[in-house]
Amino acid sequence: FFINAFSSCNPHFLLCVARNSPRPAKRETGPPENTIKTMNMRVPLSEAIQAIWDLDDNRLEAGKDYDIEVQRWTRVYDTTDQASRPLFRKVNDAILRERETFKTFIALLDNYESEVGVAERVDMHERKENWAFIASIMKTAPMQYCFRYCAAHCDKVSLSDPSGFTKLLYKLWFDLYNRSRAKDSSGFEHVFVGEVKNGEVTGFHNWIQFYLAEKKGEVDYKGYIQPRARGRQASTNMDDNVLTVKFNWNGAEKAVGTMFIGTSPEFEMALYTMCFLVGKEDTNVDLVTGTDEFILNIKCYRMRGNLLGTSFPECLEHHEK
(Lines give C-alpha, C1' and ligand atoms only; values in the text may rest on other atoms or scores of the structure.)
Protein backbone atom coordinates (compact mmCIF):
# COMPACT_ATOMS: atom_id res chain seq x y z
CA PHE A 1 0.00 0.00 0.00
CA PHE A 2 2.62 2.52 1.05
CA ILE A 3 5.19 1.68 -1.64
CA ASN A 4 2.61 1.96 -4.41
CA ALA A 5 1.53 5.32 -3.02
CA PHE A 6 5.09 6.61 -2.74
CA SER A 7 5.86 5.83 -6.36
CA SER A 8 3.54 8.61 -7.48
CA CYS A 9 5.82 11.14 -5.78
CA ASN A 10 8.83 10.18 -7.88
CA PRO A 11 7.76 7.24 -10.05
CA HIS A 12 10.94 6.14 -11.78
CA PHE A 13 13.12 6.30 -8.70
CA LEU A 14 10.77 4.95 -6.04
CA LEU A 15 9.60 2.04 -8.18
CA CYS A 16 13.25 1.19 -8.66
CA VAL A 17 13.73 1.32 -4.88
CA ALA A 18 10.76 -0.97 -4.34
CA ARG A 19 11.96 -3.54 -6.91
CA ASN A 20 15.66 -3.59 -6.11
CA SER A 21 15.98 -2.89 -2.38
CA PRO A 22 16.50 -5.91 -0.12
CA ARG A 23 13.51 -6.92 1.96
CA PRO A 24 13.88 -5.16 5.36
CA ALA A 25 14.52 -7.26 8.44
CA LYS A 26 11.51 -8.09 10.60
CA ARG A 27 12.82 -5.76 13.33
CA GLU A 28 12.66 -2.75 11.01
CA THR A 29 9.11 -3.14 9.73
CA GLY A 30 7.51 -2.83 13.16
CA PRO A 31 3.99 -4.11 13.81
CA PRO A 32 1.66 -4.83 10.85
CA GLU A 33 -0.23 -1.93 9.35
CA ASN A 34 -3.45 -3.43 10.73
CA THR A 35 -2.08 -2.91 14.24
CA ILE A 36 -1.54 0.79 13.55
CA LYS A 37 -5.06 1.03 12.14
CA THR A 38 -6.58 -0.20 15.40
CA MET A 39 -4.79 2.38 17.55
CA ASN A 40 -6.76 5.37 18.80
CA MET A 41 -5.61 8.51 16.98
CA ARG A 42 -7.90 10.83 18.94
CA VAL A 43 -5.42 11.25 21.77
CA PRO A 44 -3.42 14.31 22.88
CA LEU A 45 -0.14 14.91 21.11
CA SER A 46 1.80 14.05 24.27
CA GLU A 47 0.26 10.55 24.24
CA ALA A 48 0.97 10.19 20.53
CA ILE A 49 4.64 10.93 21.20
CA GLN A 50 4.77 8.17 23.80
CA ALA A 51 3.08 5.87 21.27
CA ILE A 52 5.73 6.39 18.58
CA TRP A 53 8.43 5.87 21.21
CA ASP A 54 6.85 2.53 22.09
CA LEU A 55 6.59 1.65 18.38
CA ASP A 56 10.26 2.37 17.67
CA ASP A 57 11.54 -1.19 17.27
CA ASN A 58 14.57 0.13 15.38
CA ARG A 59 15.99 1.97 18.39
CA LEU A 60 19.48 0.95 19.54
CA GLU A 61 19.94 -0.47 23.03
CA ALA A 62 22.39 1.10 25.48
CA GLY A 63 25.07 -1.29 26.68
CA LYS A 64 24.41 -3.64 23.79
CA ASP A 65 24.39 -1.63 20.56
CA TYR A 66 26.30 1.39 21.88
CA ASP A 67 28.07 2.76 24.93
CA ILE A 68 28.39 6.40 25.98
CA GLU A 69 30.57 7.97 28.65
CA VAL A 70 28.90 11.14 29.93
CA GLN A 71 31.80 12.09 32.27
CA ARG A 72 31.34 15.39 34.15
CA TRP A 73 28.57 17.97 34.10
CA THR A 74 29.13 21.49 32.87
CA ARG A 75 27.32 24.82 32.48
CA VAL A 76 26.43 26.83 29.41
CA TYR A 77 29.02 29.52 30.15
CA ASP A 78 31.71 27.22 31.57
CA THR A 79 34.91 27.56 29.52
CA THR A 80 36.51 24.46 31.06
CA ASP A 81 36.39 21.20 29.12
CA GLN A 82 34.70 18.75 31.50
CA ALA A 83 35.12 15.71 29.23
CA SER A 84 38.59 14.51 28.32
CA ARG A 85 37.23 11.60 26.30
CA PRO A 86 34.63 11.24 23.52
CA LEU A 87 30.96 10.86 24.40
CA PHE A 88 30.59 7.66 22.37
CA ARG A 89 32.81 4.80 23.47
CA LYS A 90 31.43 2.44 20.85
CA VAL A 91 28.55 2.01 18.42
CA ASN A 92 27.65 -1.08 16.43
CA ASP A 93 28.49 0.36 13.01
CA ALA A 94 26.95 -2.67 11.27
CA ILE A 95 23.52 -1.41 12.37
CA LEU A 96 24.18 1.99 10.81
CA ARG A 97 25.38 0.37 7.59
CA GLU A 98 22.73 -2.30 7.24
CA ARG A 99 19.40 -1.04 8.60
CA GLU A 100 17.66 0.73 5.78
CA THR A 101 16.46 3.85 7.58
CA PHE A 102 19.87 4.44 9.19
CA LYS A 103 21.71 3.84 5.92
CA THR A 104 19.51 6.18 3.88
CA PHE A 105 19.64 8.80 6.64
CA ILE A 106 23.44 8.79 6.79
CA ALA A 107 23.61 9.20 3.02
CA LEU A 108 22.07 12.68 3.44
CA LEU A 109 24.51 14.04 6.00
CA ASP A 110 27.21 15.10 3.51
CA ASN A 111 24.83 16.94 1.17
CA TYR A 112 25.06 20.34 2.85
CA GLU A 113 27.28 23.38 3.36
CA SER A 114 27.48 24.03 7.09
CA GLU A 115 27.99 27.79 6.90
CA VAL A 116 24.77 29.82 7.04
CA GLY A 117 24.69 32.21 4.09
CA VAL A 118 26.29 29.78 1.64
CA ALA A 119 23.71 28.73 -0.94
CA GLU A 120 22.79 25.05 -1.07
CA ARG A 121 22.63 23.25 -4.40
CA VAL A 122 20.73 19.98 -4.68
CA ASP A 123 21.55 17.78 -7.66
CA MET A 124 19.55 14.84 -9.02
CA HIS A 125 21.56 12.29 -7.04
CA GLU A 126 20.83 14.13 -3.79
CA ARG A 127 17.12 14.36 -4.64
CA LYS A 128 17.07 10.60 -5.14
CA GLU A 129 18.76 10.18 -1.76
CA ASN A 130 16.07 12.37 -0.15
CA TRP A 131 13.29 10.29 -1.70
CA ALA A 132 15.01 7.02 -0.75
CA PHE A 133 15.07 8.16 2.88
CA ILE A 134 11.39 9.10 2.83
CA ALA A 135 10.50 5.76 1.22
CA SER A 136 12.47 3.85 3.86
CA ILE A 137 11.00 5.60 6.90
CA MET A 138 7.45 5.27 5.60
CA LYS A 139 7.77 1.48 5.86
CA THR A 140 8.14 1.79 9.62
CA ALA A 141 5.58 1.82 12.42
CA PRO A 142 6.46 5.29 13.84
CA MET A 143 5.92 6.95 10.46
CA GLN A 144 2.78 4.93 9.70
CA TYR A 145 1.45 6.14 13.03
CA CYS A 146 2.58 9.69 12.22
CA PHE A 147 0.70 9.60 8.92
CA ARG A 148 -2.53 8.42 10.53
CA TYR A 149 -2.25 10.75 13.51
CA CYS A 150 -1.66 13.78 11.30
CA ALA A 151 -4.56 12.75 9.07
CA ALA A 152 -6.81 12.70 12.16
CA HIS A 153 -5.73 16.16 13.33
CA CYS A 154 -4.47 18.15 10.34
CA ASP A 155 -6.44 19.27 7.29
CA LYS A 156 -3.29 19.09 5.13
CA VAL A 157 -3.11 15.30 5.49
CA SER A 158 -5.65 12.77 4.20
CA LEU A 159 -5.68 9.00 4.73
CA SER A 160 -6.85 8.62 1.14
CA ASP A 161 -3.77 10.41 -0.17
CA PRO A 162 -0.57 8.84 1.24
CA SER A 163 1.45 10.13 -1.71
CA GLY A 164 0.34 13.63 -0.80
CA PHE A 165 1.75 13.05 2.67
CA THR A 166 5.15 12.04 1.30
CA LYS A 167 5.20 15.15 -0.86
CA LEU A 168 4.38 17.22 2.22
CA LEU A 169 7.25 15.54 4.09
CA TYR A 170 9.62 16.45 1.28
CA LYS A 171 8.47 20.06 1.32
CA LEU A 172 8.68 20.42 5.11
CA TRP A 173 12.10 18.84 5.46
CA PHE A 174 13.98 19.31 2.19
CA ASP A 175 12.69 22.45 0.46
CA LEU A 176 15.37 25.13 0.64
CA TYR A 177 14.71 28.56 2.13
CA ASN A 178 16.60 31.67 3.19
CA ARG A 179 17.92 31.53 6.73
CA SER A 180 20.44 34.26 6.02
CA ARG A 181 20.44 34.65 2.26
CA ALA A 182 19.39 32.88 -0.94
CA LYS A 183 18.45 29.21 -0.38
CA ASP A 184 21.06 28.48 2.29
CA SER A 185 19.12 26.15 4.60
CA SER A 186 16.44 23.51 5.07
CA GLY A 187 14.67 21.92 8.00
CA PHE A 188 16.58 18.67 7.61
CA GLU A 189 19.96 20.38 7.45
CA HIS A 190 19.34 22.51 10.51
CA VAL A 191 17.82 19.86 12.79
CA PHE A 192 19.84 16.79 11.87
CA VAL A 193 23.09 18.00 10.28
CA GLY A 194 23.72 21.35 11.95
CA GLU A 195 24.79 24.77 10.72
CA VAL A 196 27.35 27.39 11.70
CA LYS A 197 26.42 31.04 12.04
CA ASN A 198 28.83 33.72 13.26
CA GLY A 199 31.15 31.06 14.65
CA GLU A 200 28.44 29.27 16.65
CA VAL A 201 26.72 25.97 15.97
CA THR A 202 22.96 26.14 15.40
CA GLY A 203 20.68 23.14 15.14
CA PHE A 204 22.61 19.84 15.23
CA HIS A 205 20.23 17.77 17.38
CA ASN A 206 20.96 14.26 16.17
CA TRP A 207 23.04 11.58 17.87
CA ILE A 208 24.02 9.76 14.66
CA GLN A 209 25.50 12.92 13.17
CA PHE A 210 27.21 13.59 16.50
CA TYR A 211 28.72 10.11 16.67
CA LEU A 212 29.96 10.10 13.07
CA ALA A 213 31.44 13.60 13.38
CA GLU A 214 33.06 12.71 16.70
CA LYS A 215 34.53 9.57 15.14
CA LYS A 216 36.13 11.72 12.40
CA GLY A 217 37.56 14.14 14.97
CA GLU A 218 35.20 16.96 13.99
CA VAL A 219 33.30 17.05 17.30
CA ASP A 220 34.84 17.71 20.71
CA TYR A 221 32.45 16.78 23.52
CA LYS A 222 32.71 19.16 26.52
CA GLY A 223 30.33 17.56 29.04
CA TYR A 224 26.63 17.25 29.83
CA ILE A 225 24.22 19.85 31.22
CA GLN A 226 21.65 18.98 33.87
CA PRO A 227 17.95 20.02 33.70
CA ARG A 228 17.15 23.39 35.28
CA ALA A 229 14.27 22.09 37.39
CA ARG A 230 14.61 22.36 41.15
CA GLY A 231 14.48 19.32 43.35
CA ARG A 232 16.07 15.93 43.08
CA GLN A 233 16.93 14.85 39.54
CA ALA A 234 18.09 11.46 38.34
CA SER A 235 21.79 10.96 37.71
CA THR A 236 22.90 11.31 34.11
CA ASN A 237 24.38 8.01 32.95
CA MET A 238 25.05 5.70 30.02
CA ASP A 239 21.48 4.43 29.61
CA ASP A 240 19.83 7.86 29.22
CA ASN A 241 17.97 8.29 25.93
CA VAL A 242 17.88 12.09 26.23
CA LEU A 243 21.04 14.09 26.81
CA THR A 244 21.82 17.81 26.93
CA VAL A 245 25.40 18.47 25.90
CA LYS A 246 28.01 21.09 25.18
CA PHE A 247 30.46 20.58 22.32
CA ASN A 248 32.56 22.09 19.55
CA TRP A 249 32.04 21.20 15.89
CA ASN A 250 34.96 22.00 13.61
CA GLY A 251 36.00 24.74 16.04
CA ALA A 252 32.53 26.31 16.37
CA GLU A 253 30.82 26.10 19.77
CA LYS A 254 27.44 24.63 20.66
CA ALA A 255 26.96 25.98 24.18
CA VAL A 256 23.89 23.85 24.85
CA GLY A 257 21.96 21.37 22.77
CA THR A 258 19.65 18.45 23.54
CA MET A 259 19.36 15.26 21.52
CA PHE A 260 17.88 11.81 21.77
CA ILE A 261 20.39 8.97 22.06
CA GLY A 262 19.98 5.65 20.26
CA THR A 263 16.69 6.56 18.59
CA SER A 264 15.95 5.68 14.99
CA PRO A 265 15.69 8.30 12.23
CA GLU A 266 12.03 7.42 11.75
CA PHE A 267 11.19 8.16 15.38
CA GLU A 268 12.67 11.64 15.22
CA MET A 269 11.09 12.38 11.84
CA ALA A 270 7.70 11.23 13.14
CA LEU A 271 8.08 13.23 16.36
CA TYR A 272 9.03 16.54 14.78
CA THR A 273 6.59 16.16 11.88
CA MET A 274 3.67 15.60 14.28
CA CYS A 275 4.74 18.55 16.41
CA PHE A 276 4.95 20.76 13.32
CA LEU A 277 1.63 19.72 11.78
CA VAL A 278 -0.45 19.20 14.93
CA GLY A 279 1.35 20.94 17.79
CA LYS A 280 2.36 24.48 18.57
CA GLU A 281 5.68 26.15 19.31
CA ASP A 282 5.87 24.24 22.60
CA THR A 283 4.68 20.69 23.20
CA ASN A 284 5.13 19.27 26.69
CA VAL A 285 5.45 15.52 27.05
CA ASP A 286 6.13 13.13 29.91
CA LEU A 287 8.22 10.51 28.07
CA VAL A 288 8.84 7.15 29.71
CA THR A 289 11.80 5.46 28.05
CA GLY A 290 11.83 2.32 30.16
CA THR A 291 14.56 3.09 32.66
CA ASP A 292 13.87 6.82 32.93
CA GLU A 293 11.15 9.43 32.81
CA PHE A 294 11.90 12.67 30.99
CA ILE A 295 9.71 15.77 31.18
CA LEU A 296 10.36 17.31 27.80
CA ASN A 297 9.34 20.39 25.87
CA ILE A 298 9.50 19.86 22.13
CA LYS A 299 10.26 23.19 20.50
CA CYS A 300 9.06 23.78 16.96
CA TYR A 301 9.73 26.96 14.97
CA ARG A 302 8.43 27.77 11.52
CA MET A 303 10.06 29.49 8.56
CA ARG A 304 7.84 31.44 6.18
CA GLY A 305 4.81 29.98 7.94
CA ASN A 306 4.76 26.58 6.24
CA LEU A 307 8.35 25.29 6.43
CA LEU A 308 10.18 23.79 9.37
CA GLY A 309 12.79 26.14 10.80
CA THR A 310 13.88 23.92 13.66
CA SER A 311 12.57 21.38 16.13
CA PHE A 312 14.31 19.87 19.12
CA PRO A 313 13.73 18.58 22.66
CA GLU A 314 14.37 20.54 25.84
CA CYS A 315 14.83 18.41 28.96
CA LEU A 316 12.96 20.06 31.84
CA GLU A 317 13.15 17.21 34.37
CA HIS A 318 14.71 13.76 34.58
CA HIS A 319 13.63 11.01 36.98
CA GLU A 320 14.44 7.33 37.42
CA LYS A 321 11.54 4.94 36.95
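**Exercise 1. Place arginine 72 and describe its surroundings.**

Arginine 72 sits in the loop that links β1 (66-68) and β2 (88-91). The model is a predicted one.

Step 1: accessibility. The relative accessibility of arginine 72 is 56%. The cut-off for exposed is over 50%. Arginine 72 therefore counts as exposed.

Step 2: contacts. Set aside neighbours within four places in sequence. Arginine 72 then touches Gln82, Gly223 and Tyr224.

Step 3: a distance. Serine 84 is 12 residues from arginine 72 in sequence, and their C-alpha atoms are 9.3 Å apart.

**Exercise 2. Decide whether aspartate 220 is buried, partly exposed or exposed, then list its contacts.**

Step 1: position. Aspartate 220 belongs to strand β5 (residues 219-224).

Step 2: accessibility. Its relative accessible area is 34%. Buried needs under 20%, exposed over 50%. Aspartate 220 is therefore partly exposed.

Step 3: contacts. Beyond four places in sequence, aspartate 220 meets Asp81, Lys246, Phe247 and Asn248.

Step 4: a distance. Leucine 87 is 133 residues away from aspartate 220 in sequence. From C-alpha to C-alpha, the two are 8.7 Å apart.

**Exercise 3. Work out the strand order of the open three-stranded sheet, and say which strands stand at the edges.**

Step 1: pair β8 with β9. Seven bridges join these two strands, which run antiparallel. One bridge pairs valine 288 with glutamate 293 in β9.

Step 2: pair β9 with β10. Here 12 bridges join the strands, again antiparallel, with β9 spanning residues 292-303. Leucine 296 has cysteine 315 of β10 as its bridge partner. Asparagine 297 stands opposite glutamate 314 in β10.

Step 3: read off the order. The open sheet runs β8-β9-β10, with antiparallel pairing. β8 (282-288) and β10 (307-320) each have a single partner strand, so they are the edges and one side of each lacks a neighbour in the sheet. From one strand to the next, the twist averages 20°.

**Exercise 4. Find the turn residues with positive phi in the two hairpins.**

Step 1: β8 and β9. Three residues lie between these strands. Glycine 290 has a positive phi near 115°.

Step 2: β9 and β10. This hairpin also has three residues between its strands. In the turn, arginine 304 takes a positive phi of about 55°.

**Exercise 5. Explain why β9 and α5 are described as largely enclosed.**

Step 1: β9. Of its 12 residues, nine are buried, so β9 is largely enclosed by the rest of the structure.

Step 2: α5. Eight of its 11 residues are buried, so α5 too is largely enclosed by the rest of the structure. The buried residues are Leu45, Ala48, Ile49, Gln50, Ala51, Ile52, Trp53 and Leu55.

Step 3: how α5 meets the sheet. Helix α5 (residues 45-55) lies across β8 and β9. Its direction makes an angle of about 45° with β8.

**Exercise 6. Characterise the largest nonpolar core.**

Step 1: the hubs. The core has 88 residues, and Tyr145, Trp173 and Phe188 touch the most other members.

Step 2: the main contributor. Helix α13 (residues 265-277) gives the largest share, nine residues.

Step 3: one hub in detail. Without neighbours within four places in sequence, phenylalanine 188 contacts Phe105, Leu108, Leu109, Tyr112, Phe133, Trp173, Phe174 and Val193.

Step 4: the background. Nonpolar side chains tend to be buried together in soluble globular proteins.

**Exercise 7. Compare the linings of the largest cavity and the largest pocket.**

Step 1: the cavity. There are two cavities of 30 Å³ or more. The largest has a volume of about 90 Å³. Its lining includes Tyr224, Ile225, Thr244, Phe294 and Cys315. Two elements, β6 (242-249) and β10, give two or more residues to this lining. The largest share, three residues, is from β6.

Step 2: the pocket. The largest pocket holds about 450 Å³ of space. Among its 16 lining residues, Ile225, Arg228, Thr244, Val256 and Cys315 are the closest to its centre. β7 (252-260) and β10 each supply at least two lining residues. β10 gives the most, five residues.

Step 3: the overlap. Ile225, Thr244 and Cys315 appear in both linings.

Definitions and conventions:
Residues are numbered from 1 along each chain as its sequence is written. This is a predicted model: local features need pLDDT of at least 70, side-chain atom pairs count only at pLDDT 80 or more; totals for chains, interfaces and linings use all residues. Side-chain values use heavy atoms; hydrogens and water are left out. A nonpolar core is a set of buried Ala, Val, Leu, Ile, Met, Phe, Trp, Tyr and Cys residues joined through side-chain atoms within 4.5 Å. Buried means under 20% relative accessible area, exposed over 50%, partly exposed in between (1.4 Å probe, protein chains only). Helices (H or I, at least four residues) and strands (E, at least two) are DSSP runs, numbered from the N terminus. Contact means heavy atoms within 4.5 Å. Two strands pair if DSSP finds at least two bridges between them. Axes are lines fitted to C-alpha atoms, for helices over the stretch in contact, and angles run from 0 to 180 degrees between N-to-C directions. On a 1 Å grid over the protein atoms alone, a cavity is a set of points where a 1.4 Å probe fits but cannot get out, and a pocket is an open set with protein on both sides within 12 Å along at least five of seven lines; lining residues have an atom within 4 Å of a point. Grid points are joined across faces, edges and corners, and a volume is the space filled by probe spheres set on the points.
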